[in-house]
Structure formats: C-alpha cells, structure tokens
Amino acid sequence: MPSEYDFLVVGAGFAGLVAAEQLVQKLDARVLVVEARNHIGGNAHDAYDRAGVLIHQYGPHYFRTNSDRVRDYLSQFTHWHPIDYKVQSFTGGRYWSFPINLKTFEQLIGKAATTEEFERWLESKRIPIESPANSEEVILSQVGPELYRLFFEGYTRKQWQCSPRDLDPSVCGRIPIRTNRDDRYLRESFQALPKDGYHRLFARLLESIQHRCEVVLNTDYRELLPQVRFRHMIYTGPVDAYFDFADGHLPYRSLRFEPESFEPEMLQERLSIAGKPGFWQPEMQVNYPGNEVEFTRIVELKHATGQRCPNTTIVREYPEAFGLGKEPYYPIPNEASASIYRKYKARVEAEKHVSFIGRLATYRYYNMDQVVGMALTEAGKLVKRYRNA
C-alpha cells in the first residue's frame, strides 16, 4: 500500500464511493477508501442468502428519486428494475392498504366509497392544529385519532421507544396520506432497484476507478493514520466518534434482523394469504403496529427485486436501543439530540481539510438519492478547490 494519497475516504457506502469516483475521474486523484466492515456498499449492501434469495442485509433499501442528476449518474453503473413499492399494515387481525388511501377507508367502513366521502370523513375527524409541533400532532391534524391509533402510535412507539409526541414532526410526516386509490408507498417519480443488485452497482463503480483507487476492508481508519499522508479526508462515519465523543454521545436507534427462508412446499400453505405462489406475504413489506409482536415489519424483498426462484426469504425487523456492538441506524430527531449535534456542527466547521457527508457524519436521516446528491456536490467543491492547488 502506498503511503501518500490525495484523498482518504472513510466509509465505502454511497457517500464515500461516489465521492471517490468523482475525485478520481475529475482530478485523476489517488484515493484510499477505508471501510470497517468486510464489504463495500455500507447499509445498502445486498447478497444472496443460503436459500438463493437476494436480500438487503441491513434492512430494505428502496431506491427512488426525483433527481435526473442522481438517476443519470448511477445509471452509469447499473441497469434498473422498475418497481412501484407496495406496503400493507397488519393490525386487528387483518391486512390493511397502507399508506392511508381510499382503499384503507373502504376497509374501515366496510363498503365502497368515493374520494369526496373520504375527504368529508377526514374533515370530521381531524384535530385542528395550525402548526404541528411533533409527530403526534402531524397525524392527528391529518387523519384524526382513530387512524392515528390504528397505524401510527404503536408502530412509532416500538420503532423509537418513545411517544410520537416526543419526536420531530418530520418522522411521521414523511408518510403520505392520500384520498384516492394510489397505494404506492413512495411519492418519487423514479422508483427502481439496481437490476443486478446494489453490490454489483458498487463493484462496477470501483472497477471504473481501480487504477487510482485502493479499498481496504475490515479496518478502522485510525489504524492507518500513522502510516499514510493525504491532502484531504472525506469522512462518512459517526460525527461524534470522529471527535472522540467530546460533546457526548449522539443517540441512535438500532435494529436487529431475523431472516427466515421457506421452500415451495412450505409456501403452498401461505398461498391464500400471499395471493400468488412463491411468496409468504401479500406485499414486499408489511408493517405491524400492534403490541402483540415486538417486530415492526416483515420484509419479503423478492416482491420488489423480481427475482425468479422457488424459495423466498422474509426478514423480521426488531428495533433496539443503540449501544456496544450495535449499528447506528436512525438518528433520533428531537431537541435533546439536536442540541448535542449543534456542538459537533461547530467542530465540523473548524475542520478545514475534512469533509463530513452522509447520514452519520451529518446526523440526519437522508434517503439514498439525497446522499448521492450530497456526495456529488461535495466532490464538485473539492475538485474546484484542489484542481490547481
């Protein structure tokens, strides 16, 4: 391994690899990427399990975007499998159409209805709140207490281990409420998965810059600092860890994933529930907002990938407290955590030769396309800064 590089990139997820690719292509820079895990791709990593089913190993990553820039950039490294992501919610002993839409309302009242009828019903149930201050108020102001309790309150308590009233409005506000029959989970115009999986996308990206980029896995970047010199660091890890927790630990929620695979003869018994052969549940994701189970959702990714195989795998997702040995998945969006992050933000701004990008480094929940866009923008700034330096 050489001892001198132009850039040290910490983390081989979307943020780090996109930045590395741009710096090599536009500056012909020599880049070292250091990743603590044993694979590239960060939380978007996917792989085939023992049953031969392609799964996302750190929870489902449903790619979507409204950005032509991001879509066109990633399309250099993958073809796409278009998909309208579909979700249901299982509560009260039945499956419900979700996010809330006209079909959900018809299930609730037990008969066909019109958009106008649903809108009138919502108007009678909503609690007038001009400026919702938390996630509970957001949903109560949109759909009222009955649907709030049915779909949001229990799920949010399990996911975050606190009441929705203690969370920023953006947490529950991200979920659309529709009065037509549109039951797609997401709003974005482009919704698809990499046709050959995320791992192949990342592998192709690295292949395009392998002449100037080296990747080291299973390594804490701090172990290499005494051995290498570089002009600039792109850091995508936890911001509080970078500063040795000088202002305290930022809180996160973690997750535990429990996969279970099924062979065709086992799936035959589920045919009446799944609605089609080869599957365990009716859609790729089913939420479980009730207290009768500890997990929040079951994901059967084969619905979304379009993979043709006789087996299937479901993954139950259990929210957990973040601590030793646990991965940080979700920043906790409330005022207490925001207060801690503001202190780290001041430290970040004083670091002139380090760029902090990605979810963990900015302590903010971003979708994948937003992380890609952030990496492209930051790499563009670095290209201008170092081109003639």
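The following questions and answers concern a predicted model.

Biologist: What is the order of the strands in the open sheet of five strands?

Modeller: The pairing in this sheet is parallel. Its edge strands are E10 (213-216) and E17 (354-356), each of which pairs on one side only. Neighbouring strands are turned by 15 degrees against each other on average, direction ignored. Read across the sheet, the order is E10-E2-E1-E11-E17.

Biologist: Which residue of E2 does Phe-7 stand opposite?

Modeller: Strand E1 (residues 7-10) pairs with strand E2 (residues 31-34) in the parallel sense, over four bridges. In general, strands of a sheet pair through backbone hydrogen bonds, either parallel or antiparallel. Opposite Phe-7 in E2 stands Val-31.

Biologist: And which residue of E11 does Val-9 stand opposite?

Modeller: E1 also pairs with strand E11 (residues 232-235), again in the parallel sense and over four bridges. In E11, the residue opposite Val-9 is Ile-234.

Biologist: Are the residues of E1 that point either way from the strand buried or exposed?

Modeller: Phe-7 and Val-9 point one way from E1. Leu-8 and Val-10 point the other way. For these residues on both sides of E1, the answer is buried.

Biologist: Which strands does H1 touch where it packs on the sheet?

Modeller: Helix H1 covers residues 14-27. Its direction makes about 170 degrees with that of E2. The strands touched by H1 are E1, E2, E10 and E11.

Biologist: Are H1 and H8 roughly parallel or roughly antiparallel to each other?

Modeller: H1 packs against helix H8 (residues 198-207) with the axes 10 Å apart and an angle of about 25 degrees. The crossing of H1 past H8 is left-handed. Angles under 35 degrees count as roughly parallel. H1 and H8 are therefore roughly parallel.

Biologist: How many nonpolar, polar and charged residues make the contact of H1 with H8?

Modeller: From H1 come Phe-14, Leu-17, Val-18 and Glu-21. They meet Tyr-198, Leu-201, Phe-202, Leu-205 and Leu-206 of H8. The residues of this contact divide into eight nonpolar, no polar and one charged.

Biologist: Is Val-286 buried or exposed?

Modeller: Val-286 is found in strand E13 (residues 285-287). Beyond its neighbours within four places in sequence, its contacts are Gln-88, Ser-89, Phe-90, Tyr-95, Gln-281, Thr-296, Arg-297 and Ile-298. Its relative accessible area is 0%, so Val-286 is buried.

Biologist: Which residue in E8 is the bridge partner of Ser-89?

Modeller: Ser-89 is one of the residues in contact with Val-286. Strands E7 (residues 87-91) and E8 (residues 94-98) run antiparallel and are joined by five bridges. The partner of Ser-89 in E8 is Trp-96.

Biologist: Which residue takes a positive phi in the hairpin of E7 and E8?

Modeller: This hairpin has two residues between the strands. The positive phi, near 65 degrees, belongs to Gly-92.

Biologist: What is omega for the cis peptide bond that joins Phe-98 and Pro-99?

Modeller: Pro-99 lies in the loop between E8 and helix H3 (102-109). Most peptide bonds are trans. The bond joining Phe-98 and Pro-99 is cis, with omega about 5 degrees.

Biologist: Is Gln-161 buried or exposed?

Modeller: Gln-161 lies in the loop between helix H6 (145-160) and helix H7 (170-173). Its phi is positive, near 60 degrees, in a residue other than glycine. Most residues other than glycine have a negative phi. With a relative accessibility of 60%, Gln-161 counts as exposed.

Biologist: What is the relative accessible area of Phe-245?

Modeller: Phe-245 is placed in the loop between helix H10 (239-242) and strand E12 (252-262). Phi of Phe-245 is positive too, near 60 degrees. Phe-245 is partly exposed, and its relative accessible area is 34%.

Biologist: How far apart in space are Phe-322 and Ser-124, C-alpha to C-alpha?

Modeller: Phe-322 lies in the loop between strand E15 (312-321) and strand E16 (330-331). It is partly exposed, with a relative accessible area of 35%. Not counting residues up to four places away in sequence, Phe-322 touches Tyr-252, Ser-254, Glu-327 and Pro-328. Phe-322 and Ser-124 are 198 residues apart in sequence, and their C-alpha separation in space is 40 Å.

Key
Residues are numbered from 1 along each chain as its sequence is written. This is a predicted model: local features need pLDDT of at least 70, side-chain atom pairs count only at pLDDT 80 or more; totals for chains, interfaces and linings use all residues. Side-chain values use heavy atoms; hydrogens and water are left out. Axes are lines fitted to C-alpha atoms, for helices over the stretch in contact, and angles run from 0 to 180 degrees between N-to-C directions. Angles under 35 degrees count as roughly parallel, over 145 as roughly antiparallel, 65 to 115 as roughly perpendicular and the rest as oblique. A crossing is left-handed if the near helix is turned anticlockwise from the far one by less than a right angle, and right-handed if clockwise. Contact means heavy atoms within 4.5 Å. Ala, Val, Leu, Ile, Met, Phe, Trp, Tyr, Cys and Pro count as nonpolar, Asp, Glu, Lys and Arg as charged, and the others, Gly among them, as polar. Buried means under 20% relative accessible area, exposed over 50%, partly exposed in between (1.4 Å probe, protein chains only). Two strands pair if DSSP finds at least two bridges between them.
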